[in-house]
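Dear colleague,

I am handing over a structure that will be new to you, and below it I set out what was found in it. Please have the sequence and the model open as you read.

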Amino acid sequence: NRSLYLSLYCIDINENEKGKATEILKKNFPRGTKVKIKPYGSNGNRLLAKIFRVDDQTEMTQLLNTFDSLDKNCMN
């Protein structure tokens, strides 16, 4: 029931693919989906995190790995 400003950890979608990525996430994480947030740090005022569905442990970054234009932005 909270709004957070965050970026997905270790992923950066090409500007041309953001529409498709948004649709994939809306389909798999519809409004009201219970999620678990695993924080990895911050980038300015945004939390860097991995986000998992509570019911089946689906993770957002794994869903988005289908994009060829995916850039990794890991802070390892």
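**A surface patch, a pocket and some salt bridges**

On the surface of this predicted model, the residues Leu4, Val35 and Ile37 form a nonpolar patch, and together they have about 230 Å² of accessible area. Leu4 sits in the segment before strand 1, and it is exposed because its relative accessible area is 51%, where the cut-off for exposed is over 50%.

Leu4 also appears in the description of the largest pocket, which has a volume of about 1,400 Å³. There are 29 residues that line this pocket, and those closest to its centre are Leu4, Leu6, Leu25, Ile51 and Met60. If you wish to trace the lining through the fold, the elements that give two or more residues to it are strand 1 (6-8), strand 2 (12-13), helix 1 (18-28), strand 3 (35-43), strand 4 (46-53) and helix 2 (60-64). Helix 1 provides the largest share of the lining, which is five residues. As for the character of the lining of the largest pocket, its residues divide into 15 nonpolar, seven polar and seven charged.

Next come the charged contacts, where the count of salt bridges comes to four. In one of them, the side chains of Glu17 and Lys20 meet at 3.3 Å, N to O. Are these two partners buried or exposed? Glu17 is buried, because its relative accessible area is 18% and buried means under 20%, whereas Lys20, at 52% relative accessibility, counts as exposed.

Arg53 takes part in two of the salt bridges that I would ask you to look at, one with Asp55 at 2.7 Å, N to O, and another with Asp56 at 3.5 Å, N to O. Arg53, Asp55 and Asp56 are thus linked in a network of salt bridges. How accessible each residue of this network is can be stated one by one: Arg53 counts as buried, at 16% relative accessibility, while Asp55 is exposed, with a relative accessible area of 57%. Asp56, with a relative accessible area of 44%, is partly exposed, because that term covers values between the cut-offs of 20% and 50%.

Two residues deserve a look for their backbone. Which residue in the loop between strand 1 and strand 2 is concerned? It is Cys10 that is placed in that loop, and although Cys10 is not a glycine, it has a positive phi of about 70°. Cys10 counts as buried, since its relative accessibility is 13%.

The other residue is Gln57, which lies in the loop between strand 4 and helix 2. Gln57 is likewise not a glycine, and it has a positive phi of about 65°. At 39% relative accessibility, Gln57 counts as partly exposed.

When you go through the model yourself, it may help to begin with Leu4, as it belongs to the nonpolar patch with Val35 and Ile37 and is also among the residues closest to the centre of the largest pocket. From there you could turn to the network of Arg53, Asp55 and Asp56, and then to Gln57 in the loop between strand 4 and helix 2.

With kind regards

Methods
Residues are numbered from 1 along each chain as its sequence is written. This is a predicted model: local features need pLDDT of at least 70, side-chain atom pairs count only at pLDDT 80 or more; totals for chains, interfaces and linings use all residues. Side-chain values use heavy atoms; hydrogens and water are left out. On a 1 Å grid over the protein atoms alone, a cavity is a set of points where a 1.4 Å probe fits but cannot get out, and a pocket is an open set with protein on both sides within 12 Å along at least five of seven lines; lining residues have an atom within 4 Å of a point. Grid points are joined across faces, edges and corners, and a volume is the space filled by probe spheres set on the points. Helices (H or I, at least four residues) and strands (E, at least two) are DSSP runs, numbered from the N terminus. Ala, Val, Leu, Ile, Met, Phe, Trp, Tyr, Cys and Pro count as nonpolar, Asp, Glu, Lys and Arg as charged, and the others, Gly among them, as polar. Patches are made of residues with over 30% relative accessible area and no salt bridge: like charges are joined within 9 Å, nonpolar side chains (Val, Leu, Ile, Met, Phe, Trp, Tyr) within 5 Å. Accessible areas come from the Shrake-Rupley method with a 1.4 Å probe; for residues, only the protein chains shown count as cover. Buried means under 20% relative accessible area, exposed over 50%, partly exposed in between (1.4 Å probe, protein chains only).
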